[in-house]
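Please open the structure in your viewer and keep the selection panel at hand. The tour below goes from one selection to the next and says what is found at each stop.

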Amino acid sequence: MNTLPQQLANGLFLGSMYGLIAIGYTMVYGIVQLINFAHGEIFMTGGFGALTVYLYVLPDGTSMWIALPAMLIGGGLVSVLIAVGAERFAYRPLRGAPRLAPLITAIGLSLALQQAVFNWYPDAKTDRKFPQIDAGPWHLGSISISSGSLFVIIAAPVCMAALAFFVRLSRTGRAMQATAQDPDTAQLMGIDTNRIIVVAFAIGGFFAAVAAVAYGLRLGQIKYDMGFQMGLKAFTAAVLGGIGNIYGAMIGGLVLGLAETLATSYIDEIPGMQQLGGGGWSSVWAFVLLILVLLFRPQGLVGERVADRA
Amino acid sequence: MRHRSLVILTSVLTTGALTLTACGSRDNNKGGDSGSKKTEVIIGVDAPLTGQNSATGLGIQGGVQVAVDDANKKNLVPGVTFKVQALDDKAIPASGQQNATQLVNNDKVLGVVGPLNSGVATQMQQVFATANLVEISPSNTAPELTQGKNWQTKKVRPFKTYFRTATTDALQGGFAADYAYNTLKKKNVFVVDDKQTYGAGLAKLFTAGFTKAGGKVVGTDHVNTGDTDFSALVTKIKNSKADLVYYGGQYDESEKLTKQLKDGGAKIPLFGGDGMFSDTYIQTAGKTSEGDLATSVGQPVDTLASAQDFIKKYKAAGLKGDYGTYGGYSYDAATAIIKAIGNVVKDGKVPSDARAKIVDEVGKTKFNGVAGPVAFDQYGDTTNKQLTVYQVTNGKWKAVKSGTFNG
């Protein structure tokens, strides 16, 4: 059996999740040059928001086909509220401060959110089971696709396309581009930059919630510390694709997902490399790739023009 | 004349006063012995109480708590009140070592139950050995903990303060391999481990047993603890045409692996060790766990007549979490320590070399515990070599075979 098509599909599923989270990093960075390290936790709270909707809002035994949109909205709402709240109360007061201050705040916020869920969400001290779509797996040629993977492979392009249209065509989207290019001039032109920053945080938060629902559906569970590793990977994806660029984030995510999957499956088949392959080494190879890309293309794969930011 | 009478008066008064004082102080002493002023002795617990592996870890804490409550109620050691001090190691070796140091430095601690993880134990043994403090693990199964690094060729006991009530992976891995090959009739296995002391060791011993029996290992891979996405690994497993996956590690990763395995369309069971034998595994993996197998040490606690009383008390105590795999063993480990303390601490007086004496007493201990007979051999291993294979049937772990394994 040729496993390559299946492995490529696995990489795309994983990469789409990374990409969705990476959008949040990249949009915030593009506009306020802040690396929002609490974004992984915003992703996590989105998962718990969706779970709350399923467990406590919807009546028991609701079909997943009806529950899923409600969970997306609920999870999205929680993530957006937390992201916007973080911006308003943690980052905005530090807007003029040296770069390190908001960075440390972000790390602190990340720990605080993690501990809050850990302590106060019912039974969140270990894994919480996430509801499953009772269907699939489907087969497409030699590729088998589970219901959770199907969700992410549909949701990611839809979200991405919507975002692209929004940024290109809407008034707010153009204002975002302008703010990213030069916040001071944008403000002089009558753009409410504070509002634009809030919108960037909100979109990032919603995308993270979509990724969290995808995570829950694919793995069957969510956990208070799931944001740490996923956040780190998504941040890597954003840098890989060129931080500040929304298309770069998605492409970076896909490349990272593919790299991890292919490293897991094929490195140990290369003669002499048995010891360096397999699942235990996948992250190592992903970061080797990151270093190589940054060596030869410091601006990332898709890259952002850095010149006009003096 | 006047002078003399004054002397007599003074001496009478003084004598009377002294007598009275003496009486008073004697009374006070008596009150202290029989009243509330008992000596407090702490039984330490070290296990993961939050995060990874905590479902199993909380069972250890609960088991010790029930044992200590029992000892206090029955006044097993006159003049002594027992208390539990439970520390959370989060399944991280460095935290375990810090906890060990903290327990060692508290003079009231005369014995410790724990840890859950073999990898954590390796970092704690030396600390306890230096302080002569007895440590009984209810769950460590890595052979080198009691029999030294070269246990396969030459057994040497590295730490005389370390004991365990669980049997070793040398037996567990072989027992599982025997069951997989001879009972399940599986011929091609894919072996995965988590690179930890326990997981990697168990996987290696299973592999050895399985190939010796005549089976074939069609692939191996390793995962990191904390990994979540195993889709690439699942594709590899499917492609290898394995009819069984053996996993050396804990439930945290295996519950995700089994779900992704079945979602990926591979209808083959996952087989693991006692680290996977947890109700959380079934709860989280849901019906994808149906048919999966796990070996665990001892006989199933809920079917043992000796354990019924313990189970009742555990449930009545309103403890956090289930007694799980090791609750019964933890009860026995704590009881072994309490009995040893009873032989050393008389009338609430703790001798200065109590810790060393307790280590010797634990080595000699012999009684029938809730999870089977409790006694230790010259390495500190339990003499109870019972093992059981469990299979997930209708959403519950069901014991399918109990027995002993001798190489």
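## Starting from the core

In this predicted model, begin by selecting V245(B), A334(B), I337(B) and I341(B), which are the residues with the most contacts inside the largest nonpolar core, a set of 112 residues. Next, colour helix α12 of chain B, residues 327-344, since this is the helix that gives the most to that core, with 10 residues. The core draws at least three residues from each of two domains of chain B, namely domain 2 (39-167 + 301-376) and domain 3 (170-297 + 388-404).

Stay with I341(B) for a moment and show its surroundings: leaving aside neighbours within four places in sequence, I341(B) is in contact with V41(B), V77(B), V80(B), L110(B), G111(B) and I358(B). A second, separate core of 90 residues can then be picked out through V210(A), A212(A), I251(A) and A286(A), which are among its members. As background, nonpolar side chains in soluble globular proteins tend to be buried together.

## Chain B as a whole

Now select the whole of chain B, which has 13 helices and 14 strands and whose C-alpha atoms fill a box of roughly 120 × 45 × 35 Å along the principal axes. Of the 407 residues in chain B, 55% are buried. Among the contacts in chain B with a separation of 6 or more, 76% come from residues 24 or more positions apart.

Colour chain B by domain, with residues 1-30 as domain 1, 39-167 together with 301-376 as domain 2, and 170-297 together with 388-404 as domain 3. The centres of domain 2 and domain 3 of chain B, taken over C-alpha atoms, are separated by 28 Å, and 18 residues of domain 2 are in contact with 18 residues of domain 3. On the domain 2 side of this contact in chain B, the elements that give two or more residues are α2 (54-74) and α4 (118-131), with α4(B) giving the most, 3 residues. By class, the residues on that side of domain 2 of chain B divide into 4 nonpolar, 13 polar and 1 charged.

## Where the chains meet

Show both chains together, and look for the contact in which 26 residues of chain A meet 30 residues of chain B. On the chain A side, α1 (4-32) and α10 each supply at least two residues, and α1(A) gives the most, with 5 residues. The chain A side divides into 5 nonpolar, 17 polar and 4 charged residues.

For a closer view, select α10(A), residues 246-266, and α8(B), residues 231-239, whose axes come within 8 Å and cross at roughly 35°. The crossing of α10(A) and α8(B) is right-handed. Displaying side chains here brings up T261(A), T264(A) and S265(A) in α10(A), which meet A232(B), L233(B), T235(B) and K236(B) in α8(B). This contact of α10(A) with α8(B) has 2 nonpolar, 4 polar and 1 charged residues.

## A last stop in chain A

Finally, select W281(A), which sits in the loop between α10 and α11 (282-296) of chain A. Why does W281(A) count as buried? W281(A) counts as buried because it has 21 C-beta neighbours inside 10 Å, where 20 or more are needed. Not counting residues up to four places away in sequence, W281(A) touches A263(A), I267(A) and L276(A). To end the tour, add G173(A), which lies 108 residues from W281(A) along the chain, with 40 Å between their C-alpha atoms.

Note on methods: Residues numbered from 1 in each chain as written. Chains lettered and ligands numbered in written order. Predicted model: local features only at pLDDT ≥ 70, side-chain atom pairs only at ≥ 80, totals over all residues. Domains from an automatic or database assignment. Contact = placed C-beta atoms within 7 Å. Helix = DSSP H or I, 4+ residues; strand = E, 2+ residues; numbered from the N terminus. Nonpolar A, V, L, I, M, F, W, Y, C, P; charged D, E, K, R; others polar. Core = buried A, V, L, I, M, F, W, Y, C linked by C-beta atoms within 7 Å. Buried ≥ 20, exposed ≤ 12 C-beta atoms within 10 Å, placed from the backbone. Axes fitted to C-alpha atoms, helices over the stretch in contact; angles between N-to-C directions. Left-handed = near helix turned anticlockwise from the far one by under 90°.
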